[in-house]
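Q: Hi! Could you walk me through this protein model? I'm new to reading structures.

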Amino acid sequence: MAREYRDSGIEWIGQIPKEWEVGQVKQCFARKNEKAQLENPIVLSLARSGVKVRDISTNEGQMAESYFNYNPVEPNDLLINPMDLYSGANCSISNVKGVISPAYINLRYLGNNNPRYYDYYFKTQYWSMALFAHGKGVSFDNRWTLNADTLLRYTIPIPPTSEQQKIADYLDKVCGEVDEMVTLQETMVEELKAYKQSVITEAVTKGLNPNVPMRDSGIDWIGEIPEHWSTTKIKKIARTNSGSTPRNISDGENSNIVWIRTTDINDDVVYDSSLHLTSEEYSSASCPMLDEGTCVVAMYGGGGTIGKSGMLGVKATINQALCSMEVGDSFTGEYLFCILRSVRYYWMKYAVGTRKDPNINQEIVRNMIIPFPPIDEQRTIASYLDTKCSEIDALIALKEAKIDELKEYKKSVIYEYVTGKKEVV
């Protein structure tokens, strides 16, 4: 017999099975708002990947002076992040006992209601921006928060508890299978990226002729090079510079000067920037104007940013966090860019500053020793890598598209079952 449906009265749900009820969160959950009052508790954190135990001994991230007033968490508590309503599904079930910041909303299921079913349900509410619509604050991107009382009055479907269990069990199985497929694709992406890196490094240090006589370069990161190659420092083949940041940046309709920052480079050719300068703003700052083909490398911005490189595909200027390298006649920018893409790890070896805030400077860049093949080989290697890396990038793009497809499929399956559009049989 076909299942009968009725209007839920909830705009973002629409039709629900006739036997399902509609109610509020407070009918199925009680908010836990007490204080743990423990001196050395297990401290938890909530992320889109789930509830994690924090290692507070490292002092990394935002640390509290005391965890005495943190909220106690038991297994099967449903934790909601009311402060981030648009970046993802910031809710999860805790599988461990501990404490969490009172900034999060901690819900304990009532009766036989299944917290796993409602975890899936609230994930759909984050994805659809339904929770965001109930937030309040100074602005959408500043202190936009879901009030706890508003959440407790939030309208939800209430399937029979036996069906809640069936839906949760089914989604655990299906989502687990999808997650495994996503992990497999992500692993393949990382392997392709590693392969691409090895192809670049092999070509820029060994050349393309496997039969050529080799000799030791005397440089750890380079190793052996073709016998007819030499090595040199970047300062011998390129003029380096860094830019600056104008005091005021309007980025209006008269802002037509491309101004590159570390956020605009990603080991690829750079054709535009996220911010642009007017002629007056450019004149007010000591920003060099760089020609197309100039290489740039990030000098600071954390361990994940240092060493990111780019090659300008357009005339542009840069900010102070980047070092530019304009090569002379004996070297090609394309080959230098290939070298820069092969040695991200090199820069961290010579970085100065603290572990949390490392950086490099122009002098470190200028004194980097690099392979120096004849100019015709530089061009041949750069051309080969352009073709080879494009082929690898195409494979990576296919895998990443598959990952996106799987994630969207997972979202659609969750939505269809938690709203009753499909029935677990």
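A: Sure, let's chat about helices, salt bridges, cysteines and a few backbone angles. Keep in mind that this is a predicted model.

Q: Okay, let's start with helix 10. How far apart are its end C-alpha atoms?
A: They are 63 Å apart. Helix 10 covers residues 375-418, which makes 44 residues, and at 1.5 Å a residue it should span 64 Å, so the two values agree.

Q: What comes after helix 10?
A: Gly-420 follows it, with a positive phi near 80°.

Q: New topic: how many salt bridges are there?
A: The structure holds 21 salt bridges. One of them joins the side chains of Asp-84 and Arg-48, with N to O at 4.0 Å.

Q: Where do those two sit in the chain?
A: In distant parts of it, 36 residues apart. Asp-84 is in the loop between strand 8 (78-80) and strand 9 (91-93), while Arg-48 is in the loop between strand 5 (44-47) and strand 6 (50-53).

Q: Cool. Which residue does Asp-179 form a salt bridge with?
A: Its partner is Lys-410, and the closest N and O atoms are 2.9 Å apart. That pair also links distant parts of the chain: Asp-179 belongs to helix 4 (residues 161-206) and Lys-410 to helix 10, 231 residues apart.

Q: Why do Asp-179 and Lys-410 count as partly exposed?
A: Partly exposed covers the range between 20% and 50% relative accessible area. Asp-179 has 33% relative accessibility, so it counts as partly exposed. Lys-410, at 22%, counts as partly exposed too.

Q: And which residue pairs with Glu-416?
A: Glu-416 forms a salt bridge with Lys-422, their closest N and O atoms being 3.5 Å apart. Glu-416 is partly exposed, with a relative accessible area of 24%. Lys-422 is partly exposed as well, with 40%.

Q: Which residues are linked in a network of salt bridges?
A: Arg-3, Glu-19, Glu-163 and Glu-423 are linked that way.

Q: Switching to cysteines. What is a disulfide, again?
A: A disulfide is a covalent bond between the sulfur atoms of two cysteines.

Q: How many disulfides does the count come to?
A: The count comes to 0 disulfides. Take Cys-91: the nearest cysteine sulfur belongs to Cys-175 and is 12 Å away. For Cys-295, the nearest cysteine sulfur is that of Cys-338, 8.8 Å away.

Q: Are Cys-91 and Cys-295 buried or exposed?
A: Buried means under 20% relative accessible area. Cys-91 has 0% relative accessibility, so it counts as buried. Cys-295 is also at 0% and counts as buried.

Q: What about the surface? Which residues make a nonpolar patch?
A: Ile-42, Val-53 and Val-96 make one of about 230 Å². Ile-42 lies in the loop between strand 4 (29-32) and strand 5, and it is partly exposed, with a relative accessible area of 46%.

Q: Last thing: you mentioned phi. What sign does it have in most residues other than glycine?
A: Most residues other than glycine have a negative phi.

Q: So what is phi for Gln-37 and Met-129?
A: Gln-37 has a positive phi of about 55° although it is not a glycine. Gln-37 lies in the loop between strand 4 and strand 5. Met-129 has a positive phi too, near 65°. You'll find Met-129 in the loop between helix 2 (115-127) and helix 3 (148-152), and at 33% relative accessibility it counts as partly exposed.

Q: Thanks, that helps!

Notes. Residues are numbered from 1 along each chain as its sequence is written. This is a predicted model: local features need pLDDT of at least 70, side-chain atom pairs count only at pLDDT 80 or more; totals for chains, interfaces and linings use all residues. Side-chain values use heavy atoms; hydrogens and water are left out. Helices (H or I, at least four residues) and strands (E, at least two) are DSSP runs, numbered from the N terminus. The expected span of a helix is 1.5 Å times one less than its number of residues. Buried means under 20% relative accessible area, exposed over 50%, partly exposed in between (1.4 Å probe, protein chains only). A disulfide is a pair of cysteine sulfur atoms within 2.5 Å. Patches are made of residues with over 30% relative accessible area and no salt bridge: like charges are joined within 9 Å, nonpolar side chains (Val, Leu, Ile, Met, Phe, Trp, Tyr) within 5 Å. Accessible areas come from the Shrake-Rupley method with a 1.4 Å probe; for residues, only the protein chains shown count as cover.
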